[in-house]
Amino acid sequence: MKQILLIEDDVTFSTIISSFLKKKGFEVKAVSGIQKGLEELKNERFDLLLLDYRLPDGNGLELIREMGGEIPFTPTIIITGFNDVRTAVKSIQSGAFEYIIKPVNPDELMMVIQAALRKKIEVRKPEPSVSQSIIQGESKVSKKLYEHVKLVAPTELSVMIIGESGTGKEHIARSIHDQSNRAGQPFVAVDCGVLSKDLAGSELFGHVKGAFTGALTDKKGLMEEANGGTLFLDEIGNLSYDVQVKLLRVIQERIIQPLGSSKTIPVDIRLITATNENLMQKVEEGDFREDIYHRINGFKIQMPPLRERGTDLDLFIAHFIQMANSELNREVQLVSPEALATLKRYDWPGNLRELKNVINRMVLLSTSTLIGPELIPDEMLFALRQQEQETDLKQTQESTEREMIIQVLEQTRYNKSKAARLLNIDRKTLYNKMEKYEIDG
Ligand SMILES: Nc1ncnc2c1ncn2[C@@H]1O[C@H](COP(=O)(O)OP(=O)(O)OP(=O)(O)O)[C@@H](O)[C@H]1O
């Protein structure tokens with residue numbers, strides 16, 4: 001029987017979920033806070049963790065970050081209120097499998113739990129399945145993206161893929177490999193976000209028997225497995241400083257040294273890395289080595305966020321509906337014009353992954369071949385209202401600022417120095433603002 005640990009401080013909700021899951025044949029242990037949860041995870045092995053995001057003694061993200069060292073990483077689903085969706089997206093970057101939004105729909109919960117249990121958490125990402133079909137999109141930014149892929153693929157340049165979470169960085173890394181001269185060789189994708197600090201060295205470089213307690217046999221590292229092919233290091237910013245030092249040696253000398261071994265092994269690897277953060281800032285703060293940064297940055301690919309892919313959104317919606325239909329055995333045809341208009345107004349912080357999830361959910365809940373506006377998730381409507389209020393506020397602020405600048409300029413007969421002084425800004429800022437607001441001077 002699969003064991004689930006539920007960390008949730010809302011007693012009523014916890015009881016409802018526990019009894020629902022027990023009825024579905026799971027063994028459930030429920031606790032109400034991070035500390036208690038960590039104790040349970042230390043003492044027992046669970047198949048799945050259901051984790052409320054906001055807890056009295058911290059948030060779910062903190063607990064996820066604790067896992068991986070002493071505590072083995074357990075597949076995790078974050079349960080969150082819709083105010084925290086954007087933060088929940090971050091939990092995916094830190095290794096959580098999925099997030100689900102309150103009020104929890106039982107069918108959806110079961111679907112996510114089953115998918116999480118099927119997917120064993122591994123640092124090595126699984127090979128893409130046939131159902132993971134891909135489309136390229138037809139917008140200008142998409143065309144440019146795939147042109148860059150085509151150009152860089154046959155070279156030996158290291159590629160750094162930069163982009164928000166869920167924009168398709170891993171997919172692009174695979175495309176580069178598939179179009180390269182190494183296509184027939186291995187493609188090894190490593191998620192540095194779930195690499196535990198203690199085991200990262202041995203996972204990447206391998207170890208020999210007896211290298212540390214628990215090293216019962218020799219183990220080949222992922223770098224050696226990638227020999228001759230491509231190594232994709234996702235979320236490279238998460239590598240510890242120690243591992244960064246060893247990685248530099250691989251890049252410079254093209255050799256690896258398994259832990260506990262005195263021998264070195266020559267390797268021939270093309271490196272592709274991905275990051276969703278500003279790695280240069282990490283360099284400036286001393287958290288990421290500058291020498292590595294420059295070596296992995298042979299060619300930069302910037303992933304366009306979904307909100308900037310224009311009409312590609314329609315293509316992705318149609319594509320994900322077809323995928324959801326075949327996965328869930330449904331026959332949904334399309335999204336109603338009203339629902340589509342809402343999907344288009346949203347800014348998609350979780351990008352393609354979020355769109356895929358939303359479509360899956362709507363297809364699952366749809367009772368006809370048309371997805372109507374009532375199926376748009378509440379959290380999206382809420383986020384949309386917030387998004388639009390922020391835009392309104394910004395527009396009001398900007399128009400007030402514009403009027404004020406014009407007024408002061410008229411008062412000073414367009415003497416920029418005087419106007420800038422009165423506005424308490426420097427002349428350069430004044431010129432910039434005049435340009436931005438199209439004020440003739
Ligand atoms: N061009 C595409 N066509 C269809 N589906 C796509 C495409 N690109 C990405 N996806 C889907 O979107 C989801 C996110 O993609 P992927 O894992 O490549 O993103 P990522 O940027 O690497 O995410 P993260 O930052 O979380 O590592 C996956 O389910 C993937 O199958």
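**Exercise 1. Which residues of E9 point one way, and which the other way?**

Solution. The model is a predicted one, and the exercise begins with the side chains of a single strand. From E9, Phe187, Ala189 and Asp191 point one way, while Val188 and Val190 point the other way, and all of them are buried. The next step is to ask what this says about the strand as a whole: 5 of the 5 residues of strand E9 (residues 187–191) are buried, so E9 is largely enclosed by the rest of the structure.

**Exercise 2. Follow the pairing from E9 to E12 and then onward to E15, naming residues that stand opposite each other.**

Solution. Begin with E9, which pairs with strand E12 (residues 230–234) in the parallel sense over 5 bridges. Within this pairing, phenylalanine 187 stands opposite threonine 230 in E12, and alanine 189 stands opposite phenylalanine 232 in E12.

Now turn to E12 itself, where Thr230, Phe232 and Asp234 point one way and Leu231 and Leu233 the other way, all of them buried. Because 5 of the 5 residues of E12 are buried, E12 is largely enclosed by the rest of the structure.

The last step leads to strand E15 (residues 270–275), which runs parallel to E12 and is joined to E12 by 4 bridges. Here leucine 233 has threonine 273 in E15 as its bridge partner.

**Exercise 3. Locate the ligand with respect to the domains, and describe the shell around the ligand.**

Solution. First set out the division of the protein, which consists of domain 1 (3–118), domain 2 (140–262 + 272–278), domain 3 (306–376) and domain 4 (381–436). The contact between domain 2 and domain 3 takes 7 residues from domain 2 and 8 residues from domain 3, and the side of domain 2 that touches domain 3 divides into 1 nonpolar, 5 polar and 1 charged residue. The centres of these two domains, taken over C-alpha atoms, are separated by 33 Å.

Next, consider the shell: 19 residues surround the ligand, and the closest are Ser165, Gly168, Lys169, Glu170 and Leu352. By character, the residues of the shell divide into 4 nonpolar, 10 polar and 5 charged. Helix H4 (85–93), helix H7 (169–178) and helix H15 (351–365) each supply at least two residues of this shell.

The position then follows, since domain 2 and domain 3 both give residues to the shell, so the ligand lies between them.

A record can be set beside this result: UniProt, in an unreviewed entry, places the feature "domain: Sigma-54 factor interaction" at residues 135–364. In the model, that span is 43% helix and 15% strand, and its end C-alpha atoms lie 22 Å apart.

**Exercise 4. Is phenylalanine 299 buried or exposed, or does it fall in between?**

Solution. Phenylalanine 299 has its place in strand E16 (residues 299–302). A residue counts as buried if 20 or more other C-beta atoms lie within 10 Å of its own, and as exposed if there are 12 or fewer. Phenylalanine 299 has 15 other C-beta atoms within 10 Å and is therefore partly exposed.

To find its surroundings, leave aside the neighbours within four places in sequence; phenylalanine 299 is then in contact with Val152, Leu157 and Val159. The C-alpha atom of phenylalanine 299 is also separated by 9.4 Å from that of histidine 148, although the two residues are 151 residues apart along the chain.

**Exercise 5. Summarise the protein as a whole.**

Solution. The secondary structure comes to 18 helices and 18 strands, and the C-alpha trace spans about 85 × 55 × 45 Å along its principal axes. Of the 441 residues, 34% are buried. Finally, among contacts with a separation of 6 or more, residues 24 or more positions apart account for 72%.

How values were computed
Residues are numbered from 1 along each chain as its sequence is written. This is a predicted model: local features need pLDDT of at least 70, side-chain atom pairs count only at pLDDT 80 or more; totals for chains, interfaces and linings use all residues. UniProt positions are given in the numbering used here, feature names are shortened, and annotations may be inferred rather than shown by experiment. A residue is near a molecule or strand if its C-beta atom, placed from the backbone, lies within 6 Å of it. Ala, Val, Leu, Ile, Met, Phe, Trp, Tyr, Cys and Pro count as nonpolar, Asp, Glu, Lys and Arg as charged, and the others, Gly among them, as polar. Domain bounds come from an automatic or database domain assignment. Two residues are in contact if their C-beta atoms, placed from the backbone, lie within 7 Å. Two strands pair if DSSP finds at least two bridges between them.
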